[in-house]
Amino acid sequence: MTVVSVSMPDELLERIDTFADEHGYTGRSEVVREAARNLLGEFEDKQLEERELMGVVTVLFDYSSSGVENRMMNLRHEYENLVASNVHSHIGDHYCLELFILEGGLEDISTFVGKIRATQDTLSIDYSVMPVDRIDTIG
């Protein structure tokens, strides 16, 4: 197996080590391998290909990180054909939440989420994807 060196903040490394201990992993390498497999497999679901999708993406960041807010605004404009709606909200005294509602194909949504994930200084990124044609079957 190839050894890879990865840079990360001490706090994240501590969280990985704690997670490994609490969940019975043999070490941080096993946690990172599983996380990488999960990340790479997220948008490989064949059931989502060739279908119109709805996506919801939430991003939490410290409001003092103006670079994050500017990046979110730039992505919203860059992907105006994908972003159906966008909400910016203040959470507590120090945080902002950016909510994106997306409508489009798997490749475009995947690219958009990837660019958000690549944005430095975000605290949390969460998303879900569902085929639009499935909305009729809910309820």
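Modeller: Before we begin, a residue is called buried when its relative accessible area is under 20%, exposed when over 50%, and partly exposed in between, taken with a 1.4 Å probe and the protein chains only. This is a predicted model, in which local features need pLDDT of at least 70, side-chain atom pairs count only at pLDDT 80 or more, and totals for chains, interfaces and linings use all residues. Residues are numbered from 1 along each chain as its sequence is written, and side-chain values use heavy atoms, with hydrogens and water left out.

Biologist: How many of the residues of the protein chain count as buried?

Modeller: Of the 139 residues in the protein chain, 23% count as buried.

Biologist: Why is I109 called buried?

Modeller: The relative accessible area of I109 is 1%, and because the term asks for a value under 20%, I109 is buried. This residue lies in helix 4, which covers residues 106-117; helices here are DSSP runs of H or I with at least four residues, strands are runs of E with at least two, and both are numbered from the N terminus.

Biologist: What makes F19 partly exposed rather than buried or exposed?

Modeller: F19 has a relative accessible area of 34%, and since the middle class runs between the 20% and 50% limits, F19 is therefore partly exposed.

Biologist: Which kind of aromatic pair do F19 and Y25 form, and what makes it that kind?

Modeller: Rings of Phe, Tyr and Trp (its six-membered ring) pair if their centres lie within 6.5 Å, and planes under 30 degrees apart count as stacked, over 60 as edge-to-face and the rest as tilted. The structure holds 3 aromatic pairs. In the one formed by F19 and Y25, the centres are 5.6 Å apart and the planes 35 degrees apart, which makes the pair tilted.

Biologist: How do you know that F100 and F112 are edge-to-face?

Modeller: Their ring centres are 5.1 Å apart and their planes meet at 75 degrees, so the pair passes the limit of 60 degrees for that class. The pair links distant parts of the chain, with F100 in strand 3 (residues 95-104) and F112 in helix 4, 12 residues apart. Both F100 and F112 are buried, and ring pairs join them with Y79 into a cluster.

Biologist: What makes the span of helix 1 close to the expected one?

Modeller: The expected span is 1.5 Å times one less than the number of residues. Helix 1 (residues 10-22) has 13 residues and reaches 18 Å from its first C-alpha to its last, close to the expected 18 Å. Just after helix 1, G24 takes a positive phi of about 75 degrees.
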